[in-house]
Amino acid sequence: MPSKAKTGKKLVIVESPAKSKTIAKYLGEGFIVEASIGHIRDLPQPSELPAELKKTSVGKFAVDIDHDFKPYYVVSPDKKKKVTELKAALKDADELYLATDGDREGEAIAWHLLEVLKPKVPVYRMTFGEITKEAIQRAMGNLRDVDQDLVDAQETRRVLDRLYGYEISPVLWRKVARGLSAGRVQSVVTRMVVDRERERMAFKAASYWDLTGQFGADSGSFKAKLAAVDGAKVASGRDFNDNGELTGKNVAHLNEELATSLAAGLQDADFRVRSVDTKPYTRRPAAPFTTSTLQQEAGRKLRFSSKSTMQVAQRLYENGYITYMRTDSSALSDEAITAARRQASELYGPEYIPQSPRVYSNKAANAQEAHEAIRPAGDSFRTPAQVAKQLSGDEFRLYELIWKRTVASQMGDAKGSTATIRLGAIAADGRDAEFSASGTVITFPGFLAAYEEGKDETRGDDESDEARRLPNVAKDDSLTASDILAVGHETSPPPRYTEASLTAELEKKGIGRPSTYASTISTIQDRGYVRKQGSALVPSWIAFSVIRLLEQHFHDYVDYDFTADMEADLDKIANGQEAGPAWLKHFYFGADSEPGLLSIVNNLGEIDAREINSIPITEDITLRVGKFGPYLESSAAVVDPKTGEIVESARANVPEDLAPDELTAAKAIELMETAAPEERVLGADPHTGHTVVAKNGRYGAYVTEIIPEMTDEELAKQPVEYYKNGKPKPPKKPVKAKPRTGSLFQSMTVESVTLDEALQLMSLPRALGEDAEGNLITVQNGRFGPYLKKGTDSRSIGSEEEIFTITLEQALEIYSQPKQRGARAAVPPLAEFGPDPVSEKNIVVKEGRFGPYITDGITNITVPRATSLEELTREQAVELLAEKRAKGPVKRTATRKAPAKKKATAKK
């Protein structure tokens, strides 16, 4: 067979279209750059496996657990067209360059491309940490093969997550609620948020008092705070534990009475300076950004969610503005250090540059040095001003943050001095009171001229040294005192995690990978385990149930150290120090005295679902997590005042916006006392005899009928079906009739609604009659209020009460008018983002049936649950619409009725 003629073409495959466009600018003639758009293969759902595999060792997970945990990969349905395109492009190429990202995920994408495309031409693996001309040229000179160790590490992680989720999640479905999921990292992260809320729930505040005063000298005045009484340090918040107990030794715990009397006794006291202490002040710059620290700082300074930060950083990287944004390393290349020092010298002066370059090492557990820190791309950096016109608002803000941090990291220390003045006096009652004031003066700003790192909320009341200049005083100088006031304080509970502080804690504990933190935090919000309250992360009650079950029956799998150790083992696989299949075998099947996951799942024993889903609030009140949400239940017997009989325990719904630590004993009692009756019998429907009741449901109050179960006699009268052999089939369970229901009007309550009103509500929709063309017009109540309906044409009407009074003539009059699309459309959009770059139509956010959604009038996409409207940016909206367009219309499988079978003609 003759060899293929040379075409001179070289095919380069990257992950994303944006990256392909940028890299194409730097490659010479003959290079064709295509994008795989992420992974082309993955594990299918077990239900999608071929029939012959479903009953084999592959069938449970789409992983062959009996043969080295070999995955059964399939090309994703939405990638089949892309694979065909890549194969066609490869036919015309003489060489193939796999230029996916250089991390485990990118290495795995490259390997899957090799496996599927089966190239017959030379293949080269090309990686680069930034998309610049210099970086691409260096990458072409450092080509290599696919790193099989990195591929094995990614594959092991993928299989591990499948085993973990598919074995543990079904236990949650059976004992907590359907649709829940467990994950190797997401469950541990959820536990961290739940643990913090538990700390807040158990916290007992302690009160303490101190004094403040304004003091004057010839050279100026300053504010000072009481530091000691009779030589004993005054108790502050740090001297109490979370039970409200004083733990500090040799401290003076002032209450209101002691503090107030001391303040009164110092009004005319003779205050003098007792000591002046001055120390040099030095502060070093923070290291360049890693993935984790970038997410933290963008959260603090820019109010970006972790997900938003990574989305914006991805665009900056793909368009050649920053280096690769998934990295654990804070090191800079020699070229970057030179660029940062040169730029700092040009912008701030040579005196701002230390003599030797700064070198940074990682402090995080399980850190990897695979990549460089996140920094501006290139061997010389572009200033924010130089790129301002090329970037969107969020892109510019993040680029500026990265640029400042990188340049500052190579600048000199900030220097100055910190002065502490101790002053005191003897109170009228003889007590010795000593006050203290501190101030820091910066004499050389150093790196602070470019950048200062943000801080998360911390506990304690001790103020840091303020950047203030204290007056020039000396020991024994006399001071005037004014505004000496007693001030009361209360200790504060541990602050809830924000995305920034949670990311920092995850990195500190070595849990998960910084590159996955954003998606993990987004996932636990999408799953309903955690919600945002401002910037704080608040766990749901269902998260408490899930974590309680996992702690009791899968303790190791939500243990922080165990999870960090797993991460370290995966790193060993990536480094070629351990084999993935052997590690998975140990994890799943266990070894010697160590049980594996399979053994634990098979020997769970009896799990008390009611106990798992119950949290005592008081001696008599328990919070229960039910099918329709959390509710309170009292164990105290409730007696029917009419019959004197003991009835079901009293219940009360828990407001969805009430945080767990806010459900105190007092709040629970209040909710129980003010709870509307859960169910009230209104009477019997005169036509059917069915009992009609009013209920309080999760989505509001409603009325419904109770359809009685069929009696044994009625069941016996059901027609009998027979098999072909003439034997009777077992009786089928009768299909339950669907009860009529109706939501209460806003003017109605469970206590006030009458039987007649209930019967009217259950009769909806109400038929008004037909128009001239014979189209039926009905009136009904909907989520957005009462409306008329004629076929697919709906028209809003005024009030709910009109549902039962509007006539056919009035309805026809409404339909005779042009449809006021402004009736709903007149409601202003929730947000506007200007024209879409593709459709050129205005992008708006509207309130829809299933929540807020983004639309340009052509394409619609729901706003992700993890993204609040306040956080949503134009860039995110454009990207979400682009992703939706790329996926194309949702393919709906038409339900086709099988043709009726022809009756067999009896042979004569």
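This is a short tour of selected strands, a helix and the nonpolar cores in a predicted model.

**Stop 1: strand S23.** Select residues 629-634, which form strand S23. Is this strand mostly covered or mostly open? It is mostly covered, with 5 of its 6 residues buried.

**Stop 2: the partners of S23.** Add residues 621-626, strand S22. S22 and S23 run antiparallel, joined by 6 bridges. Follow the chain from S22 to S23: a hairpin of 2 residues links them. Now pick out leucine 623; its bridge partner in S23 is leucine 632.

Next, add residues 651-653, strand S26. S26 also pairs with S23, antiparallel, through 3 bridges. Click on tyrosine 631 and look across to S26, where its bridge partner is asparagine 653.

**Stop 3: the largest nonpolar core.** Keep Leu632 selected and add Phe554 and Phe587. Of the 75 residues in the largest nonpolar core, these three touch the most other members. Which helix gives this core its largest share? Select residues 148-175: helix H6 supplies 10 residues.

Zoom in on phenylalanine 587. Leaving aside neighbours within four places in sequence, its contacts include Leu160, Leu163 and Tyr164. Tyr557, Met566, Gly596 and Leu597 are also in contact with phenylalanine 587.

**Stop 4: another core.** Apart from the largest core lies another, of 54 residues. To find it, select Val14, Phe31, Ile322 and Tyr324, which are among its members. In soluble globular proteins, nonpolar side chains tend to be buried together.

**Stop 5: helix H7.** Finish with residues 186-202, helix H7. Its 17 residues reach 24 Å from first C-alpha to last, close to the 24 Å expected. H7 is mostly covered: 13 of its 17 residues are buried.

Note on methods: Residues numbered from 1 in each chain as written. Predicted model: local features only at pLDDT ≥ 70, side-chain atom pairs only at ≥ 80, totals over all residues. Heavy atoms only, no water. Buried < 20%, exposed > 50% of the residue type's maximum accessible area, 1.4 Å probe, protein only. Helix = DSSP H or I, 4+ residues; strand = E, 2+ residues; numbered from the N terminus. Pairing = 2+ DSSP bridges. Expected span 1.5 Å × (residues − 1). Core = buried A, V, L, I, M, F, W, Y, C linked by side-chain atoms within 4.5 Å. Contact = heavy atoms within 4.5 Å.
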